[in-house]
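The following exercises concern a protein and its ligand. Each task is followed by a solution that proceeds step by step.

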Amino acid sequence: MSERIIEYLRNRNDFVPGEEISRSLGITRAAIWKKVKNLRKEGYLIEAVPSKGYKLRPSPDTLTEKEIRTVFEGNIIGREIIFYEETGSTNERALKIGGLSRQGKGILEGTVIIADAQGQGRGRFGRCWVSPPHVNLYFTVLLEPPFSPGEASILTLMAAVAVVSAIREYVGLNAVIKWPNDILIRNKKVGGILTEMKSDIDRINFVAVGIGVNVNMSLNMLPGDMRLFTTSLKEEKGEPIRRVELLGVILAKFEYWYKTLLQGRRRALINEWRRLDSTTGNRIRVKTNDRIISGLAKGISDDGRLIIKLLSGAEKKVYAGEVTILKKIKNLNSGRKKYSK
Ligand code: BTN
């Protein structure tokens with residue numbers, strides 16, 4: 001019922017007499033007043049003026065389950081949403097929850113674990129992910145795909161497509177992907193994805209797809225050496241962005257592409273990834289687990305591996321690694337172009 005009151009007030013965006021809410025929602029005025037008091041405790045700013053009724057003031061950009069549900073409703077993704085004011089790492093939480101799920105404790109696939117701040121945000125290669133409160137998005141989606149472990153990397157590409165297309169559509173900035181997991185604007189990192197999994201030899205048990213997006217962070221919140229190659233949406237756009245709305249768009253796209261993969265339409269995702277990619281066509285250096293490879297980025301194979309043309313002319317495919325772009329051959333984005341499909 002509290003959700004319905006919020007929805008009612010949100011739709012009207014003005015004072016609404018208690019009498020009217022009572023008639024429309026079929027509850028007494030005393031019950032409305034009680035619910036309003038509880039909603040205020042949850043952080044909603046609801047004015048109450050005796051002669052006029054109730055008015056919802058624009059809510060702070062909070063990421064509670066209730067706020068997220070007002071912007072996104074999925075069938076798989078977000079069936080369960082777990083919000084923390086602060087946690088060590090949402091990926092860490094997801095791995096624990098996924099483990100419980102395997103013991104039959106019933107956590108659903110698609111569970112979203114989200115935090116307003118992370119004390120030990122994790123990046124790739126053991127780096128830390130700077131995660132201050134109230135400004136960015138830090139969340140992890142727990143999946144149980146019927147894939148073999150070798151196919152898991154497609155989920156990183158999928159998440160990158162969801163984030164980049166959401167930024168283009170909702171914020172209007174020309175974000176691009178740098179293989180496999182970097183989200184860039186004007187060649188600076190604005191987001192990243194950390195996919196971790198638990199699997200048997202031939203089957204994935206569960207995957208934690210962790211996503212971090214620098215939304216309203218000022219660059220002075222970063223250590224000095226990171227400021228040159230990191231950015232945030234606010235820095236690029238010149239105005240703050242509502243995190244919860246952006247999250248809603250990301251989750252909707254995430255669900256769309258996950259369903260596409262479950263339907264066996266991997267090629268559609270790969271094609272979309274190629275459209276949003278900034279890696280292909282550049283001279284690059286890739287640091288993998290055991291070596292450094294230099295060459296020309298030729299694109300990705302249908303299983304999501306990066307194809308590199310070596311100086312010898314031979315081609316090599318890599319599964320994972322960190323790409324440095326050595327020479328810009330491809331014409332990259334200008335950063336402020338409006339997206340149109
Ligand atoms: C990268 O190095 O580019 C990956 C960064 C991933 C950061 C996100 S924030 C939410 C989730 N929880 C973590 O601890 N890491 C990921």
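**Exercise 1. Overall dimensions**

What radius of gyration would a compact globule with 341 residues have, and what value does the protein have?

Solution. The model is a predicted one. For 341 residues, the compact-globule expectation is a radius of gyration near 20 Å. The protein has 22 Å, which agrees with that expectation. As a second step, consider the extents: along its principal axes, the C-alpha trace spans about 80 × 45 × 35 Å. Finally, the secondary structure amounts to nine helices and 14 strands.

**Exercise 2. The ligand shell**

Determine how many residues surround the ligand, and which elements supply them.

Solution. Begin with the count: the ligand is surrounded by 20 residues. The closest of these are Ser89, Gln118, Arg122, Arg124 and Lys189. Next, classify the shell by residue type: six are nonpolar, 11 are polar and three are charged. Then locate the site: the ligand occupies the space of the largest pocket. The elements giving two or more residues to the shell are α5 (90-105), β5 (137-143), β8 (188-199) and β9 (204-213). Of the shell, β8 provides the largest share, with four residues.

**Exercise 3. Polar contacts and burial**

Identify side chains that place a polar atom within 3.5 Å of a ligand oxygen, and state how much of the ligand's accessible area the protein covers.

Solution. Take the distances in turn.

1. In Lys189, a polar side-chain atom is 2.5 Å from an oxygen atom of the ligand.
2. In Ser89, the corresponding distance from a polar side-chain atom to a ligand oxygen is 2.7 Å.
3. In Asn181, an N or O atom of the side chain lies 3.3 Å from an oxygen atom of the ligand.

As for coverage, the ligand on its own has 410 Å² of accessible area, and the protein covers 98% of it.

**Exercise 4. Backbone geometry in two loops**

Which residues does a cis peptide bond join, and where is His134 found?

Solution. First, the cis peptide bond links Trp179 to Pro180, with omega about -5 degrees. Pro180 belongs to the loop between β6 (176-178) and β7 (182-185). Second, His134 is in the loop between β4 (112-118) and β5. His134, a residue other than glycine, has a positive phi near 70 degrees.

Conventions. Residues are numbered from 1 along each chain as its sequence is written. Side-chain values use heavy atoms; hydrogens and water are left out. A residue is near a molecule or strand if one of its heavy atoms lies within 4 Å of it. A polar contact is a pair of N or O atoms within 3.5 Å; within protein, one must be able to donate a hydrogen and the other to accept it, and residues adjacent in sequence count only if both atoms are side-chain atoms. Accessible areas come from the Shrake-Rupley method with a 1.4 Å probe; for residues, only the protein chains shown count as cover. Ala, Val, Leu, Ile, Met, Phe, Trp, Tyr, Cys and Pro count as nonpolar, Asp, Glu, Lys and Arg as charged, and the others, Gly among them, as polar. The radius of gyration is taken over C-alpha atoms; the globule rule is 2.2 Å times the number of residues to the power 0.38.
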